[in-house]
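Have the sequence and the 3D view ready. This report walks through the inner spaces, then the helices, the cysteines and the backbone.

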Amino acid sequence: MKVGLFIPCYIDQFYPKVAIATLKLLEKVGCEVSYPLQQTCCGQPMANSGYEHLTGGCNENFVRNFADYEYIVSPSGSCTLHIKHHLHSANEEAATGIRSRVYELTEFLTDVMHVSALNATFPYKVGLHQSCHGQRGLGLAQMSELVAPPFSKPVQLLNLVNGLELVQLDRRDECCGFGGTFCVTEEAVSVKMGKDRVADHLRHGVNYITGVDVSCLMHMEGILKRANSAVQVKHIAEILTATL
């Protein structure tokens with residue numbers, strides 16, 4: 001299976017270990033993975049700020065880099081959702097094809113690869129943050145406000161990790177407050193929401209907070225570090241590839 005690895009710019013710049021873990025995980029489940037070297041920002045920050053009309057260069061570059069791949073996989077729910085819903089191009093046929101073939105990592109592992117076993121060990125108490133774009137946009141997990149059977153693709157994968165204790169939070173799908181450029185334009189509200197989200201994890205004695213969006217984890221990591229907390233954050237790819 002030929003997979004194009006889409007690494008968002010903030011992961012490339014600040015969390016390269018997440019990109020490496022994603023590559024290892026995809027290869028571990030049998031994918032042939034390539035990383036197009038000319039890829040750059042998907043355009044989401046501009047679009048979220050009301051400037052989607054300025055994302056044309058990002059769109060055309062994305063199409064040039066990923067049009068030929070059978071699947072495009074990314075360790076970021078928000079960037080994946082942006083491409084899936086907003087990618088357009090002068091070559092609209094290619095853009096349409098990409099929108100149908102782009103997957104967030106856990107979505108790809110459960111829905112396409114049907115992963116049922118992982119040789120991973122992570123003997124810690126872990127809290128899962130269900131990011132809004134992944135949960136409500138991509139449908140990675142059921143929303144608690146709906147009267148419907150629960151499911152969670154990230155939880156399905158975390159349950160395959162030896163020694164991992166997944167805690168049950170009081171408000172399992174509450175927003176962390178990051179919201180992309182929202183954390184800049186509404187800093188005080190964003191921080192208060194992040195503190196509330198972190199507090200739920202701390203009440204349950206977690207050692208780590210994980211999730212499918214590094215942006216949300218980065219927001220909560222900043223709050224934890226400013227409080228001198230021993231709790232750490234790890235992207236789900238790092239946990240699914242962890243060994244003793």
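## The cavity

The lining of the largest cavity has four nonpolar, five polar and no charged residues. This model is predicted, and every value here is computed from it. The structure holds one cavity of 30 Å³ or more. The volume of the largest cavity is about 40 Å³.

Which residues line the largest cavity? They are Leu128, His129, Gln130, Ser131, Gly134, Gln135, Leu140, Pro154 and Val212. Two elements, strand 5 and helix 8, each supply at least two residues of this lining.

## The two pockets

Turn next to the open spaces. The largest pocket has a volume of about 440 Å³. It is lined by 26 residues, and the closest to its centre are Gln44, Phe178, Gly179, Gly180 and Ser215. Several helices take part in this lining. Those that give two or more residues are helix 1 (9–14), helix 3 (44–48), helix 5 (77–86), helix 8 (132–137), helix 10 (182–185) and helix 12 (214–226). By class, the lining of the largest pocket has 15 nonpolar, 10 polar and one charged residues.

The second largest pocket has a volume of about 250 Å³. Its lining is made of 13 residues. Nearest its centre lie Gln130, Ser152, Val155, Gln168 and Arg172. Gln130 also appears in the lining of the largest cavity. By class, the second largest pocket is lined by eight nonpolar, four polar and one charged residues.

## Helix 12

Helix 12 is one of the elements that line the largest pocket. It has 13 residues. From first C-alpha to last, helix 12 reaches 18 Å, close to the 18 Å expected at 1.5 Å a residue.

Is helix 12 mostly covered or mostly open? It is mostly covered, with 10 of its 13 residues buried. The buried residues are Val214, Ser215, Cys216, Leu217, His219, Met220, Glu221, Gly222, Ile223 and Leu224. Ser215 is also among the residues closest to the centre of the largest pocket.

## Two cysteines, no bond

A disulfide is a covalent bond between the sulfur atoms of two cysteines. How many disulfides does a search of the whole structure find? The count is zero.

Look at Cys176 and Cys216. The sulfur of Cys176 has its closest cysteine sulfur in Cys216, 3.9 Å away, which is too far for a bond. The cut-off for a disulfide is 2.5 Å between the sulfur atoms. From the other side, the closest cysteine sulfur to Cys216 is that of Cys176. Both residues are under cover. Cys176 counts as buried because its relative accessibility is 1%. Cys216 is buried too, with a relative accessible area of 10%.

## Ile83 and helix 6

Ile83 lies in helix 5. It is buried, with a relative accessible area of 1%. What does Ile83 touch, leaving out residues up to four places away in sequence? Its contacts are Phe6, Cys42, Phe62, Ile98, Arg99 and Val102. Now find Lys234. Ile83 and Lys234 are 151 residues apart in sequence. In space they are 24 Å apart, C-alpha to C-alpha.

Two of the residues touched by Ile83, Ile98 and Arg99, are buried residues of helix 6. The others buried in helix 6 (residues 92–101) are Ala94, Ala95 and Gly97. The buried residues of helix 6 pack against helix 4 (56–66), strand 3 (71–74), helix 5 and strand 4 (102–104).

## Two positive phi angles

Most residues other than glycine have a negative phi. Two residues here call for a closer look. His114 is not a glycine, yet its phi is positive, about 50°. His114 sits in the loop between helix 7 (105–112) and strand 5 (125–129). It is exposed, with a relative accessible area of 56%.

Asn228 has a positive phi near 55°, and it is a residue other than glycine. It comes just after helix 12. Where is the place of Asn228? Asn228 lies in the loop between helix 12 and strand 8 (232–235). Is Asn228 buried or exposed? It is exposed, with a relative accessible area of 73%.

Definitions and conventions: Residues numbered from 1 in each chain as written. Predicted model: local features only at pLDDT ≥ 70, side-chain atom pairs only at ≥ 80, totals over all residues. Heavy atoms only, no water. 1 Å grid on protein atoms, 1.4 Å probe; cavity = no way out; pocket = protein on both sides within 12 Å on 5 of 7 lines; lining within 4 Å. Points joined across faces, edges and corners; volume = space filled by probe spheres on them. Helix = DSSP H or I, 4+ residues; strand = E, 2+ residues; numbered from the N terminus. Nonpolar A, V, L, I, M, F, W, Y, C, P; charged D, E, K, R; others polar. Expected span 1.5 Å × (residues − 1). Buried < 20%, exposed > 50% of the residue type's maximum accessible area, 1.4 Å probe, protein only. Contact = heavy atoms within 4.5 Å.
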